[in-house]
Amino acid sequence: TLSLHDALPICNAQRRDLLINLQMEVPDFSHSFTQLIDFVPVEETQKAQARERYKILRSQGWTLSTEST
C-alpha cells in the first residue's frame, strides 16, 4: 500500500484530478489538483477553520462553490 507521502512527492509537477481534504488546513500540495472537496463540520470551532480554508483557497485562485448535504 502507498501512504499519502509516497503518492504525492514534494516535487510532483503532475496535475491530479481530485483532492478530498480532511485536514484542518489547506495542504501545501493542493495546487497539484484540478478539483478539491473540503468539508464544513457542524462544530463551531471547526466551522470557523473551514471558513478560513475557504478564504485561503479563494485567494489562491480556486473557483469555489458550496453544496449542502
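**Exercise 1.** Find which residues make up the largest nonpolar core.

*Solution.* Step 1: apply the definition, a set of buried Ala, Val, Leu, Ile, Met, Phe, Trp, Tyr and Cys residues joined through side-chain atoms within 4.5 Å. Buried means under 20% relative accessible area, exposed over 50%, and partly exposed in between (1.4 Å probe, protein chains only). Step 2: list the members, which are Leu19, Val26, Phe33, Leu36, Leu57 and Trp62, six residues in all. Step 3: set this beside a general tendency: in soluble globular proteins, nonpolar side chains tend to be buried together.

The model is predicted, so local features need pLDDT of at least 70 and side-chain atom pairs count only at pLDDT 80 or more, while totals for chains, interfaces and linings use all residues. Residues are numbered from 1 along each chain as its sequence is written, and side-chain values use heavy atoms, with hydrogens and water left out.

**Exercise 2.** State the order of helices and strands in the protein chain.

*Solution.* Step 1: helices (H or I, at least four residues) and strands (E, at least two) are DSSP runs, numbered from the N terminus. Step 2: the chain has two helices and two strands. Step 3: along the sequence they follow the pattern α-β-β-α.

**Exercise 3.** Describe the aromatic pair that Phe29 forms with Phe33.

*Solution.* Step 1: rings of Phe, Tyr and Trp (its six-membered ring) pair if their centres lie within 6.5 Å; planes under 30 degrees apart count as stacked, over 60 as edge-to-face and the rest as tilted. Step 2: this rule gives a count of one aromatic pair. Step 3: in that pair, Phe29 and Phe33 are 6.3 Å apart centre to centre with 55° between the planes, so the pair is tilted. Step 4: Phe33 is buried because its relative accessibility is 5%, whereas Phe29, at 22%, is partly exposed.

**Exercise 4.** Locate the partners of the salt bridge between Asp38 and Arg53 and classify their exposure.

*Solution.* Step 1: a salt bridge is a side-chain nitrogen of Lys or Arg within 4 Å of a carboxyl oxygen of Asp or Glu. Step 2: the side chains of Asp38 and Arg53 meet at 2.9 Å, N to O. Step 3: the pair links distant parts of the chain, with Asp38 in strand β2 and Arg53 in helix α2, 15 residues apart. Step 4: Arg53 is buried because its relative accessible area is 3%; Asp38, at 25%, is partly exposed.
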